[in-house]
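Grab a pencil and work through the exercises below. Try each task yourself before reading its solution.

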Amino acid sequence: MAQRRNVQNTRPISGDRMRKQARLAVIRTRRLVKQGLGQLAEVLEPVLKPLFAINQTSATIRSLIFLAGFVLWIGFAYITNPPAIDEIVISGDFSGDPVSVMLFQLRYLLALAFSLATPLFVPGVFRFVLVISFAFWLSSRFAATYLADIFDLPNIGAAIRFIRQAAFATLDPRRLNRLVIREGTVSQDFQASPLFQIGGPGQVLVNLENVAVFEKVDGSPDIIPPIGRPVLIEGFERLRKIIDLRDQFIENVEVNGRTKDGIPVTAKGVRFSFSVQRDRVLRKRDEVWGDPVLQQPLNYTRESILHYVYEKPNEPFDQVGSAEVRAEIRRFIGRNSLSQFLADSREESDAPATLPSDPTMPITSSEGGFKAREAINQELITAFRNSPDSTIDLHWVSVGTWVPPEEIPEKHKEAWRRRVQSEAESNPKALTRLLRSTRLKELLRLVQDVPINAFGHVSSREDDPDKIKRELMLAYREKIKIAYEIYLANELDPPTHLVATLNHLQRL
């Protein structure tokens with residue numbers, strides 16, 4: 001039995017079992033290699049992450065590595081093949097005159113430069129430089145082709161400039177990729193820039209009437225304010241949207257709505273002015289030289305900018321703001337009844353106490369009654385200021401003309417027009433113009449009476465100039481006396497100059 005057991009233990013292993021063991025060994029080896037690479041990656045991550053990042057610090061590190069490689073090339077070339085500076089021999093006549101000295105020095109410098117450059121291009125050294133340079137050129141071409149395909153570029157020129165800018169640091173900031181944003185768009189001269197077509201790194205200059213929103217690699221927004229100087233953009237940070245900070249003027253807008261009592265009303269010729277929501281908190285900021293200055297008037301709130309970028313990404317700002325104003329006017333129509341748009345059309349005997357019998361007098365609105373045009377405009381502006389959901393500032397609005405349905409009686413429309421006319425006439429500006437016009441007419445009447453008519457009447461019967469003058473002064477005295485008596489009749493104190501003039505004329 002023992003002999004049989006030994007025979008069974010020494011039987012050869014089958015081919016299937018060997019293959020199974022080989023596969024298990026390969027799997028274990030791969031697992032070990034994978035674990036080893038993972039541990040190696042964890043160790044090298046603090047070193048490789050700043051090396052391959054797309055920012056100015058990493059670009060500086062890569063530039064220093066490239067410079068170190070260039071120095072290594074020179075050092076290796078000079079160690080293996082020292083330059084033969086001692087063997088430089090300059091032949092020719094040397095007479096000592098200045099021209100000969102200059103030619104001798106020039107030939108010596110050329111020979112020295114040739115002697116220093118020769119070791120760099122020795123085949124044993126230069127072949128390594130050629131291989132590294134070709135690998136660098138080929139990899140940059142592949143990367144540029146890939147970027148051009150990803151970003152759908154017409155050619156790889158912009159991609160090559162982007163790689164060169166992103167890979168190495170630039171000592172001169174003027175050589176960085178640049179963008180200039182003005183009047184709500186990127187200037188035509190900079191639309192071929194890699195910063196516009198692909199992204200950062202680079203510099204962007206935002207003019208004072210705009211604000212630009214860039215988006216970083218992790219998706220976080222970067223709002224570039226209009227501070228009047230270039231701002232650095234990180235690697236692969238792309239332009240998302242440009243918003244115009246200036247006031248937007250919209251004219252001849254038509255808004256259809258339905259009143260609270262279900263009657264359709266149209267507002268025609270609506271005009272308004274709006275802007276992004278202004279930051280009402282007065283803040284200060286420090287400029288480059290540290291001098292505190294007040295914030296520019298075309299400011300904004302961060303919440304309103306992000307709203308237009310992410311809530312309305314494909315709509316122009318003027319259309320978004322115009323839609324908000326039209327929606328608010330539509331809501332205003334829905335909050336009011338038709339009687340608050342049009343004047344009361346009842347007879348005077350049935351009219352409310354606030355409706356005067358004289359149609360030319362101003363009408364006093366009762367609670368919940370007719371709303372004047374100025375009250376409607378102010379109500380719309382206040383609604384935007386007090387609404388927590390509003391993302392624009394409405395600066396001015398004119399609702400234009402309310403157009404009711406054709407079924408509204410003509411008598412109602414005529415009462416409405418009469419009310420609007422009386423309100424316009426009772427406006428303080430209109431009263432001021434009326435006062436000015438009445439005063440001017442009275443002055444013209446007085447001048448026409450004295451001295452023009454008085455002089456014509458006296459000169460027709462008198463030839464003596466002294467008598468004519470006396471008659472004119474008497475006419476002036478009568479006018480001033482009438483004014484003096486009007487003051488006394490109204491129990492008012494006459495002006496001092498009027499009393500002095502009257503006393504002087506009384507002595508004639």
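**Exercise 1.** Work out in which sense E9 and strand E13 pair, and over how many bridges.

*Solution.* Start with the two stretches: E9 covers residues 264-276, and E13 covers residues 401-403. E9 and E13 pair in the antiparallel sense, over three bridges. (Strands, E, are DSSP runs of at least two residues, helices are H or I runs of at least four, and both are numbered from the N terminus; two strands pair if DSSP finds at least two bridges between them.) To pin the pairing down, find Lys268, which stands opposite Thr401 in E13.

By the way, this is a predicted model, where local features need pLDDT of at least 70 and side-chain atom pairs count only at pLDDT 80 or more, while totals for chains, interfaces and linings use all residues. Residues are numbered from 1 along each chain as its sequence is written, and side-chain values use heavy atoms, leaving out hydrogens and water.

**Exercise 2.** Find what else E9 pairs with, apart from E13.

*Solution.* First look at strand E12 (residues 392-398): six bridges join it to E9, and the two run antiparallel. Here Ser273 sits opposite Trp396. Next comes E8 (residues 248-258), antiparallel to E9 over eight bridges, with Ile250 facing Phe272. Finally, check the link: E8 and E9 make a hairpin with five residues between them, and Gly262 in the turn has a positive phi of about 85 degrees.

**Exercise 3.** Decide whether Ile243 is buried or exposed, and list what it touches.

*Solution.* Ile243 belongs to strand E7 (residues 238-244). Its relative accessibility is 1%, so Ile243 counts as buried (buried is under 20% relative accessible area, exposed over 50%, partly exposed in between, with a 1.4 Å probe and protein chains only). Leaving aside residues up to four places away in sequence, Ile243 touches Glu209, Asn210, Val211, Val276, Ile305, Tyr308, Val309 and Phe317; contact means heavy atoms within 4.5 Å. One of these, Val276, falls within E9's residues 264-276.

**Exercise 4.** Describe how helices H9 and H10 pack.

*Solution.* Take the angle first: H9 (residues 317-335) and H10 (residues 373-386) pack at about 120 degrees, their axes 11 Å apart. (Axes are lines fitted to C-alpha atoms, for helices over the stretch in contact; angles run from 0 to 180 degrees between N-to-C directions.) H9 and H10 are therefore oblique to each other (under 35 degrees is roughly parallel, over 145 roughly antiparallel, 65 to 115 roughly perpendicular, the rest oblique). Then the partners: Glu324, Val325, Glu328, Ile329, Phe332 and Arg335 in H9 meet Ile376, Glu379, Leu380, Ala383 and Phe384 in H10.
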